[in-house]
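Got the model open in your viewer? Here's a route through it, one selection at a time.

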Amino acid sequence: MITVITFNPSIDRLYNLDTFQVGFVQRANFVNPTPGGKGLNVAKVIKKLGETPTCLGFIGGFNGAYIEHEIECIGLKNKFTKIDDETRICLNIIDANGVSTEILEKGPTVSKNDIEEFERKLKEVLVNTKVLVASGSLLQGLPKEYYFTIGKICERENIKFILDTSGVSLELALDSNIYLIKPNKDELEALSKRNINSKEDAIDAAKKLLNRGIKNICVSMGKDGMILINEDNIYEVEVPKIEVLNPVGSGDSSIAGFAYGILKEYHIKDCLRLANACGMSNALYMETGYIETDDIETFIKDISIVEY
Ligand code: ADP
């Protein structure tokens, strides 16, 4: 099965306004609260693709209870660790031109006991896990190298580890034998400490990261698709033009496509087609981490892959 870790879940509140101006009272045309955090977006899309992922992380307070209720309604397996602090709320304000302003809370702090309880649950679910996805930031209270620790557990248990995070926690995890990372251009620039101005730059920066033991590096480029680099191949994915409504969560949806494809042992090219189709479908809807399977069937046929 697929297990998805979201250390820092949230209630995502999407506000739709005609205009957004700082310093004025404004009325929202539409508010849509959903369970969020990058990992939960991934889990929702995996469920839409037809697999039921098990969800781990930390959850607390009234916000946590709301998220638990929602994930049970969606039909995800809930193995979250309960904590005393309140789970966070994140705001995404979108104006009539599609311009998005996000306000993200930091989230709660976990104790040593909370971490022990999480590790007990992790050990339990890993027995049946083939693919482990960890997405988003670490929580306050967790060691900065915690993703490295999880990567090493996956290596020992022969589990494919997909890590989608950024900053120090990603840098510290790079040597843990990760199966797949999916930086976008900004994340790759931060990771490789250089400017990425072309596909060649992206390929060059990714090749250097392969030396750290990462099996597949996938650079996502929004409307320009994706490039995947591994020991044997370089694949460039071209996606058709679409009418985008809200691309927030497209990266998470792509990760879901990869996790599903890897679980089903698809050829890497088919994993890429599915990942990109999921990212595209998500971009068509206001809700983050939302896809329609009909879109996937259509887009998969229109995605082309060039092999170098
Ligand atoms: P992230 O959310 O991590 O920055 P991207 O924006 O690169 O990730 O989106 C992930 C994938 O979703 C892309 O590789 C692409 O397949 C699809 N996608 C995102 N935005 C668009 C778009 N405007 N047009 C077509 N496909 C898109």
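Start by colouring helix H8 (250–263) and helix H9 (268–283): each one supplies at least two residues of the shell around the ligand. Keep in mind as you go that this is a predicted model.

**The ligand and its shell**

Now show everything around the ligand. You should get 17 residues, the closest being Lys182, Ser220, Gly222, Gly225 and Asn276. Colour the shell by class and it splits into six nonpolar, nine polar and two charged residues.

Next, put some distances on screen. Pick lysine 182: one of its polar side-chain atoms lies 2.9 Å from a ligand oxygen. Asparagine 184 also brings in a polar side-chain atom, 3.0 Å from an oxygen of the ligand. For glycine 225, turn on the backbone, as it is a backbone N or O atom that sits 2.9 Å from a ligand oxygen. Switch to a surface view here: on its own the ligand has 550 Å² of accessible area, and the protein covers 85% of that.

**Strand S11 and isoleucine 181**

Select isoleucine 181, which is found in strand S11. Is this residue buried or exposed? Its relative accessibility is 1%, so it counts as buried. To see what surrounds isoleucine 181, skip the residues up to four places away in sequence and show what it touches: Leu163, Leu170, Leu191, Leu209, Ile214, Asn216, Ile217 and Cys218. Then draw a C-alpha to C-alpha line from isoleucine 181 to lysine 215; the two are 34 residues apart in sequence and 8.6 Å apart in space.

**The cysteines**

Cys218 was on that contact list, which makes this a good moment to look at sulfurs. How many disulfides does a search of the whole structure find? Zero. Take cysteine 55: the closest cysteine sulfur belongs to cysteine 73 and is 14 Å away, so a bond is ruled out by distance. Cysteine 218 is in no disulfide either, and its nearest cysteine sulfur, that of cysteine 271, is 10 Å off. Both are worth checking for burial: cysteine 55 is buried at 1% relative accessible area, and cysteine 218 is buried at 0%.

**Two positive phi angles**

Bring up a Ramachandran plot if your viewer has one. Most residues other than glycine have a negative phi. Asparagine 177 has a positive value, with phi near 65°. You'll find asparagine 177 in the loop between helix H5 (167–171) and strand S11 (180–181), and at 29% relative accessibility it counts as partly exposed.

Lysine 193 is another non-glycine residue with positive phi, this time near 55°. Follow the chain to the loop between helix H6 (185–192) and helix H7 (199–210) to find lysine 193. Its relative accessible area is 62%, so lysine 193 is exposed.

**Strand S1 and threonine 6**

Head over to strand S1 (residues 2–6) and select threonine 6. Threonine 6 counts as buried, at 2% relative accessibility. Where does its side chain reach? Measure to the backbone nitrogen of leucine 40 and you should get 3.2 Å. Leaving out neighbours within four places in sequence, the contacts of threonine 6 are Gly37, Gly39, Leu40, Leu56, Gly57, Phe58, Phe80 and Ser135.

**Leucine 139**

Keep Phe58 displayed and add leucine 139, since Phe58 is among the contacts of leucine 139 too. The others to show, again without neighbours within four places in sequence, are Phe7, Asn8, Gly107, Pro108 and Val110. Leucine 139 lies in the loop between strand S9 (131–135) and helix H4 (146–157). Is this loop residue buried or exposed? It is buried, with a relative accessible area of 3%. One more distance before you leave: the C-alpha atoms of leucine 139 and proline 33 are separated by 22 Å, with their positions 106 residues apart along the chain.

**Last stop: asparagine 32**

Finish in strand S3 (residues 30–36) by selecting asparagine 32. With a relative accessibility of 18%, asparagine 32 counts as buried, the cut-off being under 20%. Show what asparagine 32 touches, setting aside residues up to four places away in sequence: Asp12, Arg13, Leu14 and Glu287.

How values were computed. Residues are numbered from 1 along each chain as its sequence is written. This is a predicted model: local features need pLDDT of at least 70, side-chain atom pairs count only at pLDDT 80 or more; totals for chains, interfaces and linings use all residues. Side-chain values use heavy atoms; hydrogens and water are left out. A disulfide is a pair of cysteine sulfur atoms within 2.5 Å. Buried means under 20% relative accessible area, exposed over 50%, partly exposed in between (1.4 Å probe, protein chains only). A residue is near a molecule or strand if one of its heavy atoms lies within 4 Å of it. A polar contact is a pair of N or O atoms within 3.5 Å; within protein, one must be able to donate a hydrogen and the other to accept it, and residues adjacent in sequence count only if both atoms are side-chain atoms. Accessible areas come from the Shrake-Rupley method with a 1.4 Å probe; for residues, only the protein chains shown count as cover. Helices (H or I, at least four residues) and strands (E, at least two) are DSSP runs, numbered from the N terminus. Ala, Val, Leu, Ile, Met, Phe, Trp, Tyr, Cys and Pro count as nonpolar, Asp, Glu, Lys and Arg as charged, and the others, Gly among them, as polar. Contact means heavy atoms within 4.5 Å.
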